[in-house]
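Biologist: Before we discuss this model, please place the sequence and the coordinates in view. I shall then ask about the sheet, the core, the disulfide and a few single residues.

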Amino acid sequence: EEFLSEVRLPAVETGNVTTLTINLATTTITAAQLCDSNVIAWAPGATASVTLPSTTALFSNCLTKNGDSISLIFNNDSASGTNYFTVEATDASQTLLSVSSTIADLVATSTSAFFRAVRVSGNEVIYWMGSLLNAD
C-alpha cells in the first residue's frame, strides 16, 4: 500500500486554564470546565471545597464511552497558609482514589494536584488525584 501524502501531528496539546472565583468557601465545577481545561486554578477562602460535576453531565459532555478519560491540574493560587481546598465527588457513582488516605483530596496552599477522570462503565467514573510538589 502506498501513502502519497504526509500527515503531521501537532507537538503541542492545546487547552484552557479555568480560573474560579477567588475567596469562596465552596464552588462547583461544571462538566464543561472539567472537560475543556488543562488547568483549574483557584485562590480559595480558608478550608474550602470544590464539588465535581455529576456523572451524567460528564458522560454527556466528554466521557461519552467506557474507557474515555481526561487529565488536568488543580492549582491552588492562594498565598495564605490556611487557604487549602478539597475536591469532592458528587454522588455514589463517583470514586475518588489517591496515593494517601489522609490527604486524598487536598490541594494545599501554593501547590498543585494531578487529576484524572476515567469512565469505567455506563454508570461509574473513577477519579485519581495525586499531590504535586515543587521540584526546584
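Modeller: Two strands are taken to pair if DSSP finds at least two bridges between them. Please keep in mind that this is a predicted model.

Biologist: Over how many bridges do strand β5 and strand β9 pair?

Modeller: Strand β5 covers residues 69–76 and strand β9 covers residues 112–121. One bridge sets Ser71 against Arg116 of β9. The two strands run in the antiparallel sense, and the number of bridges between them is seven.

Biologist: Which residue in β10 stands opposite Arg119?

Modeller: β9 also pairs with strand β10, residues 124–132, in the antiparallel sense over nine bridges. A hairpin of two residues connects β9 to β10. Within β10, the residue opposite Arg119 is Val125.

Biologist: In which sense, parallel or antiparallel, do β3 and β5 pair?

Modeller: Strands of a sheet pair through backbone hydrogen bonds, in either a parallel or an antiparallel sense. Ile40 stands opposite Phe74 in β5. β3 and β5 share four bridges, and their sense is parallel.

Biologist: Which strands stand at the edges of the open sheet?

Modeller: The open sheet has six strands in the order β1-β3-β5-β9-β10-β7, and its pairing is mixed. Neighbouring strands in this sheet are turned against each other by 25° on average, direction ignored. A strand with a single partner has one side left without a neighbour in the sheet, and so the edge strands are β1 (16–19) and β7.

Biologist: Which residues touch the most other members of the largest nonpolar core?

Modeller: This core holds 25 residues. At least two of its residues come from each of α1 (31–36), β3 (37–42), β4, α2 (55–61), β5, β6, β9 and β10. Leu34 is in contact with residues that include Ile40, Leu58, Phe74 and Phe115, its neighbours within four places in sequence being left aside. The members that touch the most others are Leu34, Phe74, Phe85, Val87 and Phe115.

Biologist: How many residues apart in sequence are the parts that the disulfide ties together?

Modeller: A disulfide is a covalent bond between the sulfur atoms of two cysteines. The count here is one disulfide, and this link joins Cys35 to Cys62 with an S to S distance of 2.0 Å. The link is left-handed, with -55° about the S-S bond. Cys35 lies in helix α1 and Cys62 in the loop between α2 and β5, so the parts tied together are apart in sequence by 27 residues.

Biologist: Is Cys35 buried or exposed?

Modeller: The cut-off for a buried residue is under 20% relative accessible area. Because its relative accessibility is 14%, Cys35 counts as buried.

Biologist: With which residue's side chain does the side chain of Ser49 make a polar contact?

Modeller: Ser49 lies in strand β4, residues 48–51, and counts as buried because its relative accessibility is 12%. Residues up to four places away in sequence not counted, Ser49 touches Ala25, Thr26, Thr27, Trp42, Phe85, Thr86 and Glu88. At 3.3 Å, the side-chain partner in the polar contact is Thr26.

Biologist: How far apart in space, C-alpha to C-alpha, are Ser93 and Thr56?

Modeller: Ser93 lies in the loop between β6 (85–88) and β7 (94–98), and its side chain makes a polar contact of 2.4 Å with that of Asp91. Apart from neighbours within four places in sequence, Ser93 is in contact with Thr55, Asn123, Glu124 and Val125. Ser93 and Thr56 are 37 residues apart in sequence, and their C-alpha to C-alpha distance is 9.6 Å.

Key: Residues numbered from 1 in each chain as written. Predicted model: local features only at pLDDT ≥ 70, side-chain atom pairs only at ≥ 80, totals over all residues. Heavy atoms only, no water. Buried < 20%, exposed > 50% of the residue type's maximum accessible area, 1.4 Å probe, protein only. Polar contact = N/O pair within 3.5 Å; in protein donor to acceptor, adjacent residues only side chain to side chain. Contact = heavy atoms within 4.5 Å. Core = buried A, V, L, I, M, F, W, Y, C linked by side-chain atoms within 4.5 Å. Disulfide = S-S within 2.5 Å. Axes fitted to C-alpha atoms, helices over the stretch in contact; angles between N-to-C directions.
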